[in-house]
Amino acid sequence: QVQLVESGGGLVQPGGSLRLSCAASGSISTITHMGWFRQAPGKQRALVAGITSGGVTNYQDSVKGRFTISRDNAKNMVYLQMNSLKPEDTAVYYCRVVVRTTPIDLAYWGRGTQVTVSS
């Protein structure tokens with residue numbers, strides 16, 4: 001089993017910044033992909049940013065230039081630096097990691113952390 005614990009959410013004013021962290025622990029062999037998803041009320045959960053084991057990143061168009069994803073492979077952690085936050089960034093943010101297992105890779109989710117952007 002793999003456990004994920006997110007931290008760093010909260011209330012911030014428009015234009016402000018937050019840094020989310022996610023720590024993975026448990027029976028981890030190799031983490032391939034790490035990512036952050038978000039879900040706003042009434043909307044589907046969607047990928048915000050992802051990063052491969054080799055450091056290749058991808059972002060949702062709406063956050064490009066504002067958010068930066070990074071990972072620490074030695075610590076099994078992934079981060080999301082969020083700058084220039086907008087009210088539409090308000091959502092519950094979830095960490096997801098994909099662990100290499102046999103016969104197929106498995107995905108694990110954190111419980112989520114609330115991010116609220118409001119004045």
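**Strands, a disulfide and some unusual angles**

Start with one pair of residues: L4 has A24 in β3 as its bridge partner. The two strands involved, β1 and β3, run antiparallel and are joined by six bridges. Strands here are DSSP runs of E with at least two residues, helices are runs of H or I with at least four residues, and both are numbered from the N terminus. Two strands count as paired if DSSP finds at least two bridges between them.

Some ground rules before I go on. The model is predicted, so local features need pLDDT of at least 70 and side-chain atom pairs count only at pLDDT 80 or more, while totals for chains, interfaces and linings use all residues. Residues are numbered from 1 along each chain as its sequence is written, and side-chain values use heavy atoms, with hydrogens and water left out.

Back to β1. Which of its side chains are buried? V2, L4 and E6 point to one face and are buried, whereas Q3, V5 and S7 point to the other face and are not. Buried means under 20% relative accessible area, exposed means over 50%, and partly exposed is in between, using a 1.4 Å probe and protein chains only.

β1 belongs to an open sheet of four strands, in the order β1-β3-β8-β7, with antiparallel pairing. β1 (2-7) and β7 (67-72) are the edge strands, each pairing on one side only. From one strand to the next, the twist averages 15°. That angle comes from axes, which are lines fitted to C-alpha atoms (for helices over the stretch in contact), with angles running from 0 to 180 degrees between N-to-C directions.

Inside this sheet, six bridges pair β3 with strand β8 (residues 77-82) in the antiparallel sense. There, S21 stands opposite Y79 in β8. Y79 also has a charge over its face: R19 lies there, 4.1 Å from the ring centre. The criterion is NZ of Lys or CZ of Arg within 6 Å of the ring centre and within 35 degrees of the ring normal. R45 is placed likewise over the face of W109, at 4.7 Å from the ring centre.

β3 also takes part in a disulfide. How many disulfides are there? The count comes to one, where a disulfide is a pair of cysteine sulfur atoms within 2.5 Å. The partners are C22 and C95, with sulfur atoms 2.1 Å apart. They link distant parts of the chain, 73 residues apart: C22 is in β3 (residues 18-26) and C95 is in strand β9 (residues 91-100). The link of C22 and C95 is left-handed, with -80° about the S-S bond. C22 counts as buried because its relative accessibility is 1%, and C95 is buried too, at 0%.

Now the other strands. Strand β4 (residues 30-39) and strand β5 (residues 46-51) run antiparallel and share five bridges, with W36 facing A49 of β5 as its bridge partner. Their hairpin has six residues between the strands, and in it G42 takes a positive phi near 80°. β5 then runs antiparallel to strand β6 (residues 57-59), joined by three bridges. A49 appears again here, opposite Y59 in β6. The hairpin of β5 and β6 has five residues between the strands, and G55 in it has a positive phi near 95°.

The largest nonpolar core has 28 residues, of which W36, L80, M82, Y93 and V97 touch the most other members. Two or more residues each come from β1, β3, β4, β5, β7, β8, β9 and β11 (113-117). β9 gives the largest share, five residues. Such a core is a set of buried Ala, Val, Leu, Ile, Met, Phe, Trp, Tyr and Cys residues joined through side-chain atoms within 4.5 Å.

Last, backbone angles. Most residues other than glycine have a negative phi, and most peptide bonds are trans. Where are the departures? N76, not a glycine, has a positive phi of about 55°; N76 sits in the loop between β7 and β8. N76 is partly exposed because its relative accessible area is 23%. S84 has a positive phi near 50° and lies in the loop between β8 and β9. S84 counts as partly exposed, at 39% relative accessibility. The bond between T102 and P103 is cis, with omega about 5°, and P103 is in the loop between β9 and β10 (106-109).
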